[in-house]
Structures are given as structure tokens and as C-alpha cells.
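New to this one? Here is a quick briefing to read alongside the sequence and the 3D view.

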Amino acid sequence: MTAADEKNEKSEMTMTAPVAPAGGTQSLAGAETYDSYANSQMGRLTRIVAVHAGVSQPSTSQMLAERLAEGARRALEADSRLTNVEIIGLRPLAGDIARAGVGGPLSDELQRVVDALSAADGVVLVSPVFQASYSGLFKSAMDVLPKGTLNGAPVLLGATAGTARHSLVAETALRPLAVYMKALPTTTAVFAASEDFGAAWKTDLADPSKPSTDLPEVSLGERIAQAGRELAAFIERFPRSAPVDPLADFTPMSALLGGASS
């Protein structure tokens, strides 16, 4: 074996899978080349499933889940990605969740939730804060999900409470749970206190376009938009489904001509 052959063999043994282009998907990792057309997901409807554990009517958790999903949908459609959003409330499933939690079978309704989460391209999880953590209903629902339901799923986390004193619950409780379930939580999690909904944010009287120095916080709408953009970016970078093959239903001309002649 020559020195050149030995060098080539060594380089082949240490070769790593190519990295997807910046901003693209990673579904073809391991292939020798990336084809921007074949690696496109433009032709497939993106599915976002938002699950919330709100129990009141009206529910701030439901409102936050809907707005987070809508923020992600807008970000995706701004990038020409058609998106379907499904909102799932856990309150009507409380009995099914309790029975499944003590060893009972998954009901048909609960199985549909599992199927929706398993097939989702992106997931939004929102829980109200009870006793300085996520609610029992939310945790019970996560407990009965079959192993692997959220594997590799881009997840946007949200929490609601009556006061801003609970604003770290999304980081101290929800994020560790999502990571344990092998989901991919976005960097930004959104907490919303009751005062955030419909709040009249003060502005500088001299220049209304400038935010008041008395309220340096970013408004809920801006935080939702930022989180939605992050979830959209995660969905594009870490797809759970294979990209659409634009030539999957292609019929060769020879077959078309052969059919016509016969």
C-alpha cells in the first residue's frame, strides 16, 4: 500500500456526515450531496399541535397556546410554508387521562392526541402554574404519553399564572420535562401573567413611538412573535418527517408512450 492509498483510507474512515446548509433541513444528513430541490419541504403541509391544560373559562392558557401557534404559523407562512394548526385542550380528557394513569387503556380520544403529537412537525405546550410548577392535569397527560411520542419534536413552551412571580416556571419545570422526553425546546419560552392579556403598555408622552422607561419589559405580543419565529426555525432545521420527493409520482415518457401505443 502506498502512502497516498493509506492517506485516502484514513480519510474515508474519519469522514463524517455532511452538514445541512445553514437554514436548511437536516433530513438528508449522511448523504454525499444535498440537493436544494429534493430537500425542500415546500410541498408538504406543516402541522403544529398546541396542547394546553387550561381549566377555566375563558382560559389564559388556551389563549396563550392559540397565540403561540398562530405566531409560529405566521413565521412559517412568511417563508412560503403552508401550515395547519390544531389546538387540544386537556380538560375534556381529564377522566381518560386519569384512567390511563392507573393502568387503563388509552381511550380513542386520547389516542388521537398521541397520534397528533407523534405526527406533528412542531408542538406548543402550555400549562397554568399550580403550586409553583406545572399543573397536575398537564403532568398526568405527559405521563401517559407512550415513550417516544415527542422524540425530536421542536417544542415551544408556555406558562400562565396570575402574577409575574411565577415567571421562571417555564424554565425550572417545563423545560427539564421537555428535554427528558427527548423533545427539542426552543430557546425562548413564554410566560404570561393575567396582566399581560389586554395590557395597555405605557409610552413616552413626548414621543409615543418610544416605550416608556417605566416599563422596560417586552410586551407579550413581541415575545410571542419572537418565540414563533424560533419554533418555525426549529421546524425547518430539525424536520421530523422526510422531505417531499417532487419526483415520487413521476411517470417516465417511455411508459406514457408505451401506454398510448397499446
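What follows is a short tour of a cavity, some salt bridges and a surface patch.

Keep in mind that this is a predicted model. Inside, there is one cavity of 30 Å³ or more, and its lining is made up of nonpolar residues, twelve of them. Charged side chains get their turn too, with a count of nine salt bridges.

**The cavity**

- The largest cavity has a volume of about 60 Å³.
- Its lining includes Val51, Leu90, Ile97, Leu106 and Leu110, and also Met142, Val144 and Leu145.
- Helix 4 (108-119) and helix 5 (136-144) each bring at least two residues to that lining.
- Helix 4 is the top contributor, giving four residues.
- No polar and no charged residues turn up in the lining of the largest cavity.

**Salt bridges between separate parts of the chain**

- Arg81 and Glu236 pair up through their side chains in a salt bridge, at 4.0 Å from N to O.
- Arg81 sits in the loop between helix 2 (60-78) and strand 2 (83-89), while Glu236 is in helix 7 (residues 220-237), so this pair ties together parts that are 155 residues apart in sequence.
- Both Arg81 and Glu236 are buried.
- Asp196 has a salt bridge with Arg223, and their closest N and O atoms are 3.6 Å apart.
- Here the loop between strand 7 (190-193) and helix 7 holds Asp196, and helix 7 itself holds Arg223, so the pair links parts 27 residues apart in sequence.
- Asp196 is buried, because its relative accessible area of 12% falls under 20%.
- Arg223, with a relative accessible area of 23%, is partly exposed.

**A salt bridge within one helix, and a network**

- Arg175 and Glu171 also meet in a salt bridge, at 2.7 Å from N to O.
- The two are four residues apart in helix 6 (residues 169-180), so about one helical turn separates Arg175 from Glu171.
- Arg175 is buried at 17% relative accessible area, whereas Glu171 is partly exposed at 34%.
- Elsewhere, Glu70, Arg73, Arg74 and Glu77 are joined into one network by salt bridges that share partners.

**The surface patch**

- Met253, Leu256 and Leu257 make a nonpolar surface patch of about 320 Å².
- Leu257 belongs to helix 8 (residues 253-261).
- Leu257 counts as exposed because its relative accessibility is 53%, and the cut-off for exposed is over 50%.

Conventions: Residues are numbered from 1 along each chain as its sequence is written. This is a predicted model: local features need pLDDT of at least 70, side-chain atom pairs count only at pLDDT 80 or more; totals for chains, interfaces and linings use all residues. Side-chain values use heavy atoms; hydrogens and water are left out. Patches are made of residues with over 30% relative accessible area and no salt bridge: like charges are joined within 9 Å, nonpolar side chains (Val, Leu, Ile, Met, Phe, Trp, Tyr) within 5 Å. Accessible areas come from the Shrake-Rupley method with a 1.4 Å probe; for residues, only the protein chains shown count as cover. Buried means under 20% relative accessible area, exposed over 50%, partly exposed in between (1.4 Å probe, protein chains only). On a 1 Å grid over the protein atoms alone, a cavity is a set of points where a 1.4 Å probe fits but cannot get out, and a pocket is an open set with protein on both sides within 12 Å along at least five of seven lines; lining residues have an atom within 4 Å of a point. Grid points are joined across faces, edges and corners, and a volume is the space filled by probe spheres set on the points. Ala, Val, Leu, Ile, Met, Phe, Trp, Tyr, Cys and Pro count as nonpolar, Asp, Glu, Lys and Arg as charged, and the others, Gly among them, as polar.
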